[in-house]
Amino acid sequence: ENLRQPFGYNARRTLESYFGQVNYNYDGKYFFSGSVRRDGSSRFANDKWDTFGSVGASWVMTKEDFLFDNNIVNFLKLKTSWGITGDENGVGFYTGIDTFNPLNLGGNFAFSIREAQDPNLTWETAYMYQFGAESTLFDFLDVNLDYYIKDTQNLIFARRLPPSTGIPGAQVTTNDGVLRNQGFEFDINARIVETQDWGLSVSVNGETFNNELTTMPIDPSTGEEAILTRNGRFGYAEGSSIFEYYMREYAGVDPADGAPMWYQYVNTNNGDVIQTMTPYLNENPDAVVERRVTRTYSEATDKFVGKSAIPDLRGAFRINARYKNFMLSTQFTYQIGGYGYDSQYSELMSDRFGAAGNNFHTDIRNRWRQPGDITSVPRLADALDANASFTSTRFLTKTDFFAFNNFMIGYDFPKDL
């Protein structure tokens, strides 16, 4: 007999918007545009409405006398824009309102808090600046370049609270902090062959970007900007990216007995063992730090390890070919730089549940076996070294790749067929 009562719920939200746009073109050389919008969202309680907009301008330089009808620069347009956008994503439908769970307590009707919310939560606002150029050179080469800066204010994020507040999860969604994203994008297309029967073009695009926390959120315990905030394997600190890894550094394997090791940092002025680097150096700016090795995971130092999930460059390139009515198109994608944390690999290199019956990665063959072995893979010790697979730089993996992800062959039938 199923004694569980059926249940259900209904949730909805509303977004109300008003907007307008103006475009102006003078003599086919100078272009101006402007837009404004007013948005209100039911996701927010006290501050539902905000105003956003943008302005842009472009100049077709090749229509000026000093560049008109030349054989090198066939087309050149400079462009710039500035705008303000709002974001309500990443929050629930009732983010600004405390919600409760109904309960039966000893036969009496009761409530428990489900989520505590910030009634002053409002739009996350981004200020975007963009500069770019579009060009055609030598009648066959198209080059488009863009540079942007995006400052996001009133970041929507989960602020940690003391467990003594009794709030589930000990956190509340609020607005705070400033994040700057900036990057450079390019798109280049070369029409190498262009005849009646034959055609061949090659194009490549890519981007390089980074971000930086320019203002840290407030730490409720001090009322001042936080020195460090942890988000999984990443650390947030002023001047750093939100994709910088903050963890213990793996120091390899002890050749004597195969035990895993990590790096520990010590202040030689007073002998302090540093548990987490960034807050310690903020409190002890004159510390003289020395690196040592420890075989105890809990005594190793958490720190920024100088590796980021952001790639140095990523993008794609395409090759398009044509012979009469036959067409061929290919696309490749690539990424250079950046790191990812391979949790699955860490499981396949672990014997923390005991060696018997485990599935292992083939790299386990490189494990330490006898005194004097030099390897980065610890001994198999039937769960004795369970922390060997705990979070550390051991499992940070380069994310460079080159992928062939699209191939197409086509044929255009004659129109008079």
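**Exercise 1. The cavity**

By class, which residues make up the lining of the largest cavity? Work from this predicted model.

*Solution.*
- Step 1: Look for enclosed space. The structure holds one cavity of 30 Å³ or more.
- Step 2: Take the volume. The largest cavity comes to about 90 Å³.
- Step 3: Find the lining. It has 13 residues, and the closest to the cavity centre are Met-349, Asp-351, Pro-378, Arg-379 and Ala-388.
- Step 4: Sort the lining by class. Seven residues are nonpolar, two are polar and four are charged.

**Exercise 2. The open sheet**

Give the strand order of the 11-stranded open sheet, then explain what sets its edge strands apart.

*Solution.*
- Step 1: Recall how such pairing works. Strands of a sheet pair through backbone hydrogen bonds, in a parallel or an antiparallel way.
- Step 2: Read off the order. The sheet runs E1-E2-E3-E4-E7-E8-E11-E12-E23-E24-E27, with antiparallel pairing.
- Step 3: Go to the edges. Strand E1 (15-26) and strand E27 (401-411) each have a single partner strand, so each has one side without a neighbour in the sheet.
- Step 4: Check the turn between neighbours. On average, neighbouring strands of this sheet are turned by 10° against each other, direction ignored.
- Step 5: Zoom in on one pair. E12 and strand E23 (residues 313-323) pair in the antiparallel sense over 10 bridges. In this pairing, Gly-199 stands opposite Arg-322 in E23.

**Exercise 3. Gly-206**

Is Gly-206 buried or exposed? Place this residue in the fold and list its contacts.

*Solution.*
- Step 1: Locate the residue. Gly-206 sits in strand E12, which spans residues 198-215.
- Step 2: Apply the cut-off. Buried means under 20% relative accessible area. Gly-206 has 8% relative accessibility, so it counts as buried.
- Step 3: List the contacts, not counting residues up to four places away in sequence. Gly-206 touches Phe-184, Glu-185, Phe-186, Leu-313, Arg-314, Gly-315 and Tyr-334.
- Step 4: Take a distance. Gly-206 and Gly-56 are 150 residues apart along the chain, and their C-alpha atoms are separated by 24 Å.

**Exercise 4. Met-247**

Which residues are in contact with Met-247, leaving aside neighbours within four places in sequence?

*Solution.*
- Step 1: Locate the residue. Met-247 belongs to strand E17 (residues 244-248).
- Step 2: Judge burial. Relative accessibility is 1%, so Met-247 counts as buried.
- Step 3: Collect the partners. Met-247 is in contact with Arg-233, Thr-301, Asp-302, Lys-303, Val-305, Tyr-341, Thr-391, Ser-392, Thr-393 and Leu-396.
- Step 4: Set sequence against space. Met-247 and Phe-304 are 57 residues apart along the chain, while their C-alpha atoms are separated by 6.6 Å.

Definitions and conventions:
Residues numbered from 1 in each chain as written. Predicted model: local features only at pLDDT ≥ 70, side-chain atom pairs only at ≥ 80, totals over all residues. Heavy atoms only, no water. 1 Å grid on protein atoms, 1.4 Å probe; cavity = no way out; pocket = protein on both sides within 12 Å on 5 of 7 lines; lining within 4 Å. Points joined across faces, edges and corners; volume = space filled by probe spheres on them. Nonpolar A, V, L, I, M, F, W, Y, C, P; charged D, E, K, R; others polar. Helix = DSSP H or I, 4+ residues; strand = E, 2+ residues; numbered from the N terminus. Buried < 20%, exposed > 50% of the residue type's maximum accessible area, 1.4 Å probe, protein only. Contact = heavy atoms within 4.5 Å. Pairing = 2+ DSSP bridges. Axes fitted to C-alpha atoms, helices over the stretch in contact; angles between N-to-C directions.
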